[in-house]
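Subject: Structure handover

Hi,

Here is the structure for you to load. My notes on it follow below.

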Amino acid sequence: MSISLPDSLVLGTRGSPLALAQAREVQASLAAALGVALDHIALSLIKTTGDTIQDRALAEAGGKGLFTKELDASLLDGRIDLAVHSAKDMPTVLPEGLVIAGYLPREDVRDALISIKAKSLGELPSGAVVGTASLRRQAQVLRQRPDLKVTLLRGNVGTRIAKVESGEVDATLLALAGLKRLGLAHKAAAILDTGAFLPAIGQGAIAIITREQDVRTREALLRITHPETGVALAAERAFLRVLDGSCRTPIAGHARVEAGEVHFRGLVLAPDGSDAVAVERRGAATEAAELGEDAGREVVARARPALLGH
Ligand SMILES: NCc1[nH]cc(CCC(=O)O)c1CC(=O)O
């Protein structure tokens, strides 16, 4: 028996320019897959706690759920049928009753350097100020350049670029994926190779969340989901789940899928870059989650207690 596909759906998203660009990608892809006009996939803009906090590092305010809580509630009470998130901003465990039902094909996973003073991290003068709200970026910058200064820089992508261009900070790091989706890739002074600077878990991927029981929406999302992105994210998110205990611990990782094989690299650092544990795994794509978990357990076994905040 086949499940009848929906001919209209309500898609929930945050209202930031990047969130809207991502929501529109899902809207277009889904409308095409269902053979309906764009306006059959209605966009519902929802403000999250994370959007209203500007003055503190997010880790201190309570971590990743801040960008998803209000959308989760809207899904659970039926006001929206699907929610679109940067996979990077999602908690490792979803609320009971919700599932990741699909991923769009992943964008470039790398971080970009934004600066008007240097064409690479190495070129920044000693004492230069790098602004970021990401402990992962802070830790990797300081590991490579302990002579640089890192300060808190918040705001959406456009705001952060403006603060570099006005000289408030000498440089920042942003996901190339976000820059591309906003038509701002030309603002990158350099693109940092994953071999030298590991992205966040999920970076560049757009996840689509729905109710576990909503078989019609899930069936529709099966038509647009990108299986290899799902495999990579299964490995990365399993790694993060094992290590998630402390949200003050900078964690980086990236899985690449090629010819049925997944290749994962992970890195856990001290916030000041003074300590780090790196792991690497290769295995069958069908075992992606186990491989990510196993890599996480290796970090737990090898890390000095202080690194994981114990
Ligand atoms: N934390 C904010 C956030 N969430 C997703 C992206 C970019 C898009 C992505 O990584 O998929 C960004 C901005 C940034 O880190 O530059």
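Start with helix α5, residues 135-144, in this predicted model. Helix α5 lies across four strands: β5 (111-115), β6, β7 and β8. Against β7, α5 runs at about 170°. A second helix, α6 (residues 157-165), lies across β5, β6 and β8. The angle between α6 and β8 is about 155°.

The sheet

These strands belong to an open sheet of five. Reading across, the order is β7-β6-β8-β5-β9, and the pairing is mixed. β7 (149-151) and β9 (190-192) are the edge strands, each pairing on one side only. From one strand to the next, the twist averages 30°.

For a closer look, take β6 (residues 129-131) and β7. The two run parallel and are joined by three bridges. One residue to display is V130, whose bridge partner in β7 is V150.

The domains

How is the protein divided? There are three parts: domain 1 (9-104 + 204-225), domain 2 (111-192) and domain 3 (237-308). Note that domain 1 is given as two segments, 9-104 and 204-225. The C-alpha centres of domain 1 and domain 2 are 27 Å apart.

Domain 1 and domain 2 also touch. On the domain 1 side, 10 residues are in contact with 13 residues of domain 2. Two helices, α1 (17-34) and α3 (58-61), each supply at least two residues of that domain 1 side. The most comes from α1, with four residues. By type, the domain 1 side has six nonpolar residues, four polar and no charged.

The ligand

Which residues are around the ligand? The list is S86, K88, D89, V157, L174, A175, A177, G178, Q203 and G204. Two elements give two or more residues to this shell: β8 (171-175) and α7 (176-181). The shell divides into four nonpolar, four polar and two charged residues.

Why does the ligand lie between domain 1 and domain 2? Both domain 1 (9-104 + 204-225) and domain 2 (111-192) give residues to the shell, so the ligand lies between them. Check this against the numbering: S86, K88 and D89 are in the shell, and domain 1 includes 9-104. V157, L174, A175, A177 and G178 are in the shell too, and domain 2 is 111-192.

If you set up views, I suggest one for the sheet and one for the ligand shell.

Best wishes

Definitions and conventions. Residues numbered from 1 in each chain as written. Predicted model: local features only at pLDDT ≥ 70, side-chain atom pairs only at ≥ 80, totals over all residues. Domains from an automatic or database assignment. Contact = placed C-beta atoms within 7 Å. Nonpolar A, V, L, I, M, F, W, Y, C, P; charged D, E, K, R; others polar. Near = placed C-beta within 6 Å. Pairing = 2+ DSSP bridges. Axes fitted to C-alpha atoms, helices over the stretch in contact; angles between N-to-C directions.
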